[in-house]
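Reader: Please take me through this model and set each term against its definition. Where would you begin?

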Amino acid sequence: MRYRLTALDTEHIPQVAALERVCFSHPWSEGQLRAEMEGGGALFLVAQGEDGTVLGYAGARAVLDEGYVNNVAVAPAFRRQGVADALVAGLIGLGRGRLAFLTLEVRASNLPALRLYEKHGFRAAGRRKDYYDDPKEDAILMTLELDYESKAAQREGTDQPV
Ligand SMILES: CC(C)(COP(=O)(O)OP(=O)(O)OC[C@H]1O[C@@H](n2cnc3c(N)ncnc32)[C@H](O)[C@@H]1OP(=O)(O)O)[C@@H](O)C(=O)NCCC(=O)NCCS
């Protein structure tokens with residue numbers, strides 16, 4: 001299967017919103033996606049087939065040097081073919097050099113997603129009781145430390161002229 005990773009563009013939003021509806025019990029609407037995309041620090045990647053079909057997408061938000069992964073979703077017909085692997089690797093690539101870590105929450109029963117994130121180096125860092133509704137469920141908090149020194153740490157490590 002051939003696809004390319006590209007930055008989310010407004011033209012993708014209707015397809016991404018449709019994907020949200022298929023994948024999540026509380027899907028983001030087109031308006032929410034647009035607002036998130038236009039807010040500062042948005043990191044969004046889309047996997048697009050040769051005919052323009054959106055196969056999957058991943059989104060995160062950078063706040064200072066912290067990265068919060070919001071969603072990773074792949075259309076059911078295109079799963080188990082490495083699309084999420086490519087999206088998560090792409091997000092990590094975007095974060096390297098600018099973020100200290102990426103963090104996310106995932107439903108405790110969502111084994112495909114837990115395995116996916118573990119495969120990319122995320123480690124369980126906590127549990128949020130009854131975090132999700134429909135159905136009510138705990139979230140596992142997962143974090144991936146990125147090899148990054150904050151600008152403040154870099155300045156502290158630099159010899160200052162006397
Ligand atoms: C989780 C999801 C994004 C995976 O997408 P995908 O494109 O099928 O995943 P990939 O084919 O790239 O698989 C990558 C890795 O994820 C894990 N994985 C994916 N599907 C899995 C499954 N059904 N069972 C176990 N592990 C699975 C594996 O570690 C896999 O690596 P491997 O093939 O070397 O074993 C997809 O199932 C999905 O969209 N689910 C619904 C939305 C969702 O739950 N998103 C996560 C919210 S936090």
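Author: I begin with Ala17, which is in contact with Trp28, Ser29, Glu30 and Leu33, leaving aside its neighbours within four places in sequence. Two residues are in contact if their C-beta atoms, placed from the backbone, lie within 7 Å. This is a predicted model, in which local features need pLDDT of at least 70, side-chain atom pairs count only at pLDDT 80 or more, and totals for chains, interfaces and linings use all residues. Residues are numbered from 1 along each chain as its sequence is written.

Reader: Why is Ala17 called partly exposed?

Author: Ala17 has 18 other C-beta atoms within 10 Å. A residue is buried if 20 or more other C-beta atoms lie within 10 Å of its own, exposed if 12 or fewer, and partly exposed in between, with C-beta atoms placed from the backbone. Ala17 therefore counts as partly exposed. The residue belongs to helix α1, and its C-alpha atom is 9.1 Å from that of Gly31, 14 residues away in sequence.

Reader: How many helices and strands does the chain have, and what makes a run count as one?

Author: There are five helices and seven strands. They are DSSP runs numbered from the N terminus: H or I with at least four residues for a helix, E with at least two for a strand. From the N terminus on, the order is β-α-α-β-β-β-α-β-α-β-β-α.

Reader: Why does the radius of gyration of the chain agree with that of a compact globule?

Author: The radius is taken over C-alpha atoms, and the globule rule is 2.2 Å times the number of residues to the power 0.38. For 162 residues this gives a value near 15 Å, and the 17 Å of the chain agrees with it. The C-alpha trace spans about 60 × 40 × 30 Å along its principal axes. Buried residues make up 24% of the chain. Among contacts with a separation of 6 or more, 56% join residues 24 or more positions apart.

Reader: What makes the largest nonpolar core, and which residues have the most contacts inside it?

Author: A nonpolar core is a set of buried Ala, Val, Leu, Ile, Met, Phe, Trp, Tyr and Cys residues joined through C-beta atoms within 7 Å. The largest one has 34 residues, and Val16, Leu45, Tyr57, Leu87 and Leu91 have the most contacts inside it. At least two residues each come from α1 (13–23), β2 (42–49), β3 (54–63), β4, α3, β5 (101–107) and β7 (137–145). Beyond its neighbours within four places in sequence, Leu91 is in contact with Leu43, Leu45, Ala58, Ala60 and Val69.

Reader: Why is Leu55 called buried?

Author: Leu55 has 23 other C-beta atoms within 10 Å, so this residue is buried. Leu55 lies in strand β3. Outside its neighbours within four places in sequence, its contacts are Tyr3, Ala47, Gln48, Gly49, Val74, Ala75, Phe78 and Val83.

Reader: How do you know that β2 and β3 pair?

Author: Two strands pair if DSSP finds at least two bridges between them. β2 and β3 have seven bridges, in the antiparallel sense, and Ala47 stands opposite Gly56 in β3. The two strands form a hairpin with four residues between them, where Gly52 in the turn has a positive phi of about 95°. Strand β1 (residues 3–7) is joined to β2 by five bridges, also antiparallel; the partner of Tyr3 in β2 is Gly49.

Reader: Which backbone angles deserve comment?

Author: Most residues other than glycine have a negative phi, and most peptide bonds are trans. Leu64 has a positive phi of about 55° although it is not a glycine; this residue lies in the loop between β3 and β4. Asp130 has a phi near 50° and is found in strand β6. A cis peptide bond joins Asp134 and Pro135, with omega about -5°. Pro135 is in the loop between β6 (123–132) and β7.

Reader: Why does Asp130 count as exposed?

Author: Asp130 has 9 C-beta neighbours inside 10 Å and therefore counts as exposed. Leu64 is exposed as well, with 11 other C-beta atoms within 10 Å.

Reader: Which residues come nearest to the ligand?

Author: Of the 19 residues around it, Arg79, Ala84, Pro112, Arg115 and Leu116 come nearest. A residue is near a molecule or strand if its C-beta atom, placed from the backbone, lies within 6 Å of it. At least two shell residues each come from β4 (66–74), α3 (83–95) and α4 (111–119), and α4 gives the most, with six.
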